[in-house]
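Visitor: I am new to this structure and would like to go through it step by step. Could we look at it together?

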Amino acid sequence: MNEYAIETKNLKISYGDNEVIKGVDLKVLKNVVFALMGPSGCGKSTMLRAFNRLLELNKDAVVEGEVLLFGENIYSPDIDPIEVRRDVGMVFQYPNPFPHLTIYDNVAIGLKLNKLAKNKRELDERVRWALEKAALWDEVKDRMGDYPSDLSGGQKQRLVVARALAMKPKVLLMDEPTANIDPVGTKKIEELLFELKEDYTIILVTHSPAQAARVSDCVGFLYLGELIEVGSTKDIFEKPKNELTEQYVTGELV
Amino acid sequence: MSVSNFRKAKEKAFLIAVGITTLIAILPLFHIIATVLMNGLPPIVAKGPVFITGTLSEGGIGPAIVGTFMLTFLSSLIGLPIAFLVGVYAYEYPKSAIGRLTKALLQIMLEFPTILVGVFVMDIIAIPMGTYSAFAGAFALAIILMPYVAVYTHEAMRQIPFTYREASFGLGLTKFKAVFRVLVPVSKRGIMTGVLIGMAKVAGETAPLLFTTGGLYQSYPHSISQPVGAIPLLIYTLVQSPSASDHAMAWGASLVLLLIFLAVFIPIRRSLKEVKL
């Protein structure tokens with residue numbers, strides 16, 4: 001087994017003539033929380049969507065270079081993007097449980113539609129397991145038939161985490177998961193990351209250096225489409241090698 | 001001070017002018033409803049339930065009511081599945097040549113003179129069949145129904161925030177499942193609104209039926225390959241008659257048509273308010 005969960009080789013992403021990721025080489029170890037930080041509009045979310053080939057929903061986006069998932073290039077022609085997305089779960093910036101589905105069905109839908117549970121019992125167990133992993137089970141176990149509109153923003157976001165975990169992905173991508181929720185919800189999500197890295201590799205996109213410092217093991221600093229510096233969180237925040245990194249972590253660069 | 005007062009007065013005058021023009025614009029609608037109620041209620045009350053259930057010689061419009069429901073149902077059967085798929089296609093492939101052509105065609109079809117649809121269907125169905133029929137009428141109505149449903153479906157799907165699209169594909173769903181099992185259900189309210197508006201529209205149509213369904217008011221319809229009546233068509237026929245009792249009946253039929261329309265339309269307004277994502 002490869003020691004890196006995600007590895008990119010000269011990854012370039014462009015929209016038409018506009019190159020937003022300019023040749024990034026990155027290695028992300030297994031079972032860590034890796035924070036991809038940088039100011040708004042630097043290409044973090046775009047790059048994240050290259051890791052599960054979700055970028056292809058945007059027809060204008062062109063990806064060059066390689067993205068290796070546990071050593072396998074997910075952009076090689078014989079790879080089915082649908083399989084990739086089952087292995088690489090994603091949580092989005094806006095808490096987006098499906099409004100027309102109950103709490104239960106929101107977690108179960110991926111399993112149901114991909115026919116990944118043999119029977120109702122297995123499905124029930126997996127839904128419960130995912131909700132427990134996402135630290136939401138106790139709050140929703142008596143209201144599985146309710147719709148997610150009644151949940152708080154933080155609860156919705158944990159529900160979406162459970163939806164992704166139910167698929168048993170190998171890697172979990174999180175695109176500014178706390179950007180639209182309150183501080184209490186943010187704290188819960190951040191606590192969750194510590195639990196989840198036991199089993200998953202988590203790539204967290206954040207524009208907040210403070211959040212990266214709180215929750216991550218390793219950090220990559222992305223600026224205007226270039227990966228300026230990568231290292232352990234301690235190194236990046238205590239002795240950054242690059243001047244831009246230093247300016248960013250001290251809040252001078254926004 | 002006086003400048004400010006002048007400004008306030010100007011604002012007030014403007015508001016009053018807007019209010020009056022609005023009133024002028026909506027007055028005809030209330031006038032129509034009031035007139036239909038005042039003229040339509042007496043003949044219905046005079047006849048009693050027979051007005052709804054009886055044949056024309058019994059003094060009722062029963063066959064026309066059944067005909068309208070039959071035509072609406074049949075045209076939905078023909079038009080809804082196609083229109084729904086066209087709407088989804090236009091949403092899913094907005095930039096493809098067919099997708100763009102479809103959108104342009106739908107816009108034209110929405111505004112297309114409905115009598116031309118009637119003439120066209122007479123030419124391709126009624127004349128070859130050798131008779132007016134419920135089928136021919138329903139086919140003409142289906143052509144009118146389709147652009148409404150397709151445009152509403154397309155619009156409802158377009159309103160879905162992109163993040164739900166990402167979420168469904170992010171779960172490793174195929175395009176077919178992501179679209180039909182997740183995104184269509186997310187927008188089902190909007191799509192249903194289009195379906196109901198399309199049905200309400202065709203239930204009140206007259207022109208496309210003139211040369212296609214014939215008319216049947218002395219007995220209830222029993223076959224889709226035979227002529228059938230419809231309330232708007234009956235009103236059109238009755239108004240042309242010189243007899244005052246026929247005119248009274250036309251008013252009664254108008255009220256029935258209005259009530260059917262409102263029965264569909266008021267729930268639509270309600271459901272529209274609930275469309276939220």
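Visitor: Is K188(A) buried, partly exposed or exposed?
Guide: This is a predicted model. In it, K188(A) is partly exposed, with a relative accessible area of 35%.

Visitor: Which side chain does K188(A) meet in a salt bridge?
Guide: The partner is E139(A), with 3.8 Å from N to O. The two residues are 49 apart and link distant parts of the chain. K188(A) lies in helix α7 (residues 183-196) of chain A, while E139(A) lies in helix α5 (residues 137-140) of chain A.

Visitor: And what is the relative accessible area of E139(A)?
Guide: For E139(A) the value is 29%, and the residue is partly exposed.

Visitor: How many salt bridges does the structure hold over all chains?
Guide: There are 23 over all chains. Among them is the one between D146(A) and R143(A), where the closest N and O atoms are 3.6 Å apart.

Visitor: Are D146(A) and R143(A) buried or exposed?
Guide: Neither label applies. D146(A) is partly exposed at a relative accessible area of 30%, and R143(A) counts as partly exposed at 23%.

Visitor: What about chain B: which residue forms a salt bridge with K201(B)?
Guide: K201(B) meets E205(B) through their side chains, at 3.2 Å from N to O. K201(B) is partly exposed, with a relative accessible area of 30%. E205(B), by contrast, counts as buried, because its relative accessibility is 8% and the cut-off for buried is under 20%.

Visitor: Which residues are joined into one network by salt bridges that share partners?
Guide: R49(A), D175(A) and E166(B) are joined in this way.

Visitor: Changing topic, what is the order of the strands in the open sheet of chain A?
Guide: The four strands follow the order β2-β1-β4-β5, and their pairing is antiparallel.

Visitor: Why is one side of β2 and of β5 left without a neighbour in the sheet?
Guide: Both strands of chain A, β2 (18-29) and β5 (72-73), stand at the edges. Each has a single partner strand, so one side of each has no neighbour in the sheet.

Visitor: What do strands of a sheet pair through?
Guide: They pair through backbone hydrogen bonds, in a parallel or an antiparallel way.

Visitor: How many bridges join β1 to β2 in chain A?
Guide: Nine bridges connect strand β1 (residues 4-15) of chain A with β2(A), and the two run antiparallel.

Visitor: Which residue of β2(A) does I13(A) stand opposite?
Guide: I13(A) faces I21(A) there.

How values were computed
Residues are numbered from 1 along each chain as its sequence is written. Chains are lettered from A and ligands numbered from 1 in the order in which they are written. This is a predicted model: local features need pLDDT of at least 70, side-chain atom pairs count only at pLDDT 80 or more; totals for chains, interfaces and linings use all residues. Side-chain values use heavy atoms; hydrogens and water are left out. Two strands pair if DSSP finds at least two bridges between them. A salt bridge is a side-chain nitrogen of Lys or Arg within 4 Å of a carboxyl oxygen of Asp or Glu. Buried means under 20% relative accessible area, exposed over 50%, partly exposed in between (1.4 Å probe, protein chains only).
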